[in-house]
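I opened this entry to record what I looked up in the structure. The notes go from the whole chain to one helix and then to the core.

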Amino acid sequence: MVTEAQTLATIQQRDALRQVLLFPTPGNLVNVGVELYRQDFKTYVKLAASAYLWILVPVYGWAKFLALSALISRLAYWRLLGQPEDLAHSRTSVSGGKMWRFLTLAFLVGFLYLAGYMVLAIGAIIVTVALGFALVTVAVPTFGENIGAVIVGGIVAIVAMGVLAIGLLWLGARLSIPDTVLVIEGHQAADRGIGRSWNLSQGNVIRLTVVISTTFTIVLPVLMFTNYLPSILPIFVAENTSLYVIANIGSFAFSILSGILTLPLWQCIKAVVYCDLRMRREGVDLTLRDHELNPADHPEEPTDAIII
């Protein structure tokens, strides 16, 4: 029997998803990601815990970690579409040899980040050197050699960090959902996930940057108390003591706990972002319908529409 509380929860879920899909502001995207995280909290956290246990196993465990992480996005995506997928069925998308695609993808994305950083660093050096020479001709005669050098150095440092930060944020936005693409669309080639992420994110870098920044702000308190603060405890303990070992073990355990709690939220939000980008870039059909509590009332639901 459906209780009044369950009825209210269903209505609230439907209204929240309708709002985010009709008014897909960055804030609403984050809100619906949080809602998806809350609805299946136990399932997602169990998957995250399993993923973090596997990460302790070299190579095979890393592939398993990445595959299980992506699996959370797949489950969240189909729930968002109003067609929750059975966990056992979802696992087939990342089981066996399929999970190695995610490890390959991680290496490719890491290589792109490294290459991007090197290009940005070279660009920042060129820009700051040119800017430094230009500023020296103005600042030194105006403020003197010592003060002028300090002013020029400060401006050059700020510009260099700004170029790197903006460039890395841009690259992070363009490469924000390749694993989500891979697990949902089922591509066999890992590079296909990168290409799709690059294509879908085109023209949406600022929106994605806001979503990423907002999500980080949400998880920051959790990171502070379960990751950052415990990680500095060993600094205040004498080395080569049992207390030092306990402090390090505790720091490691809290960092794992931090990942278990925050990983599902990131993956849920990536699922929402993927859905939003597909609507924007490809015009995915969006059908809003009021669902009754009895699914038999709607026997012919279209499977290619986003349903609420």
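**Notebook: fold, helix α7 and core**

I noted first that 40% of the 308 residues of the protein chain count as buried. The model is predicted, and I read every entry below with that in mind.

Entry 1, the chain. I looked up the secondary structure and found 11 helices and 0 strands. I then checked the contacts between residues at least 6 apart in sequence; 70% of them join residues at least 24 apart. For the accessible surface I recorded about 16500 Å², with 69% belonging to carbon and sulfur atoms.

Entry 2, helix α7. I located α7 at residues 145-174, a helix of 30 residues. From its first C-alpha to its last it reaches 43 Å, close to the expected 44 Å. I listed its buried residues, among them Gly 148, Val 152, Val 156, Ala 160 and Leu 164. The list also includes Gly 167 and Leu 171, and it takes in Arg 174. I next asked what covers the buried residues of α7. The cover includes α6 (100-143), α9 (190-200) and α10 (205-232).

Entry 3, the core. I found that the largest nonpolar core has 59 residues. Helix α11 (residues 242-282) gives the largest share of this core, 13 residues. The residues with the most contacts inside the core are Tyr 77, Phe 102, Ile 177, Val 273 and Tyr 274.

Entry 4, Ile 177. I followed this core residue further and left out residues up to four places away in sequence. Ile 177 touches Ser 197 and Leu 200, and also Lys 270, Val 273, Tyr 274 and Leu 277.

Note on methods
Residues numbered from 1 in each chain as written. Predicted model: local features only at pLDDT ≥ 70, side-chain atom pairs only at ≥ 80, totals over all residues. Heavy atoms only, no water. Helix = DSSP H or I, 4+ residues; strand = E, 2+ residues; numbered from the N terminus. Expected span 1.5 Å × (residues − 1). Buried < 20%, exposed > 50% of the residue type's maximum accessible area, 1.4 Å probe, protein only. Contact = heavy atoms within 4.5 Å. Areas by Shrake-Rupley, 256 points an atom, 1.4 Å probe, with all protein chains shown as cover. Core = buried A, V, L, I, M, F, W, Y, C linked by side-chain atoms within 4.5 Å.
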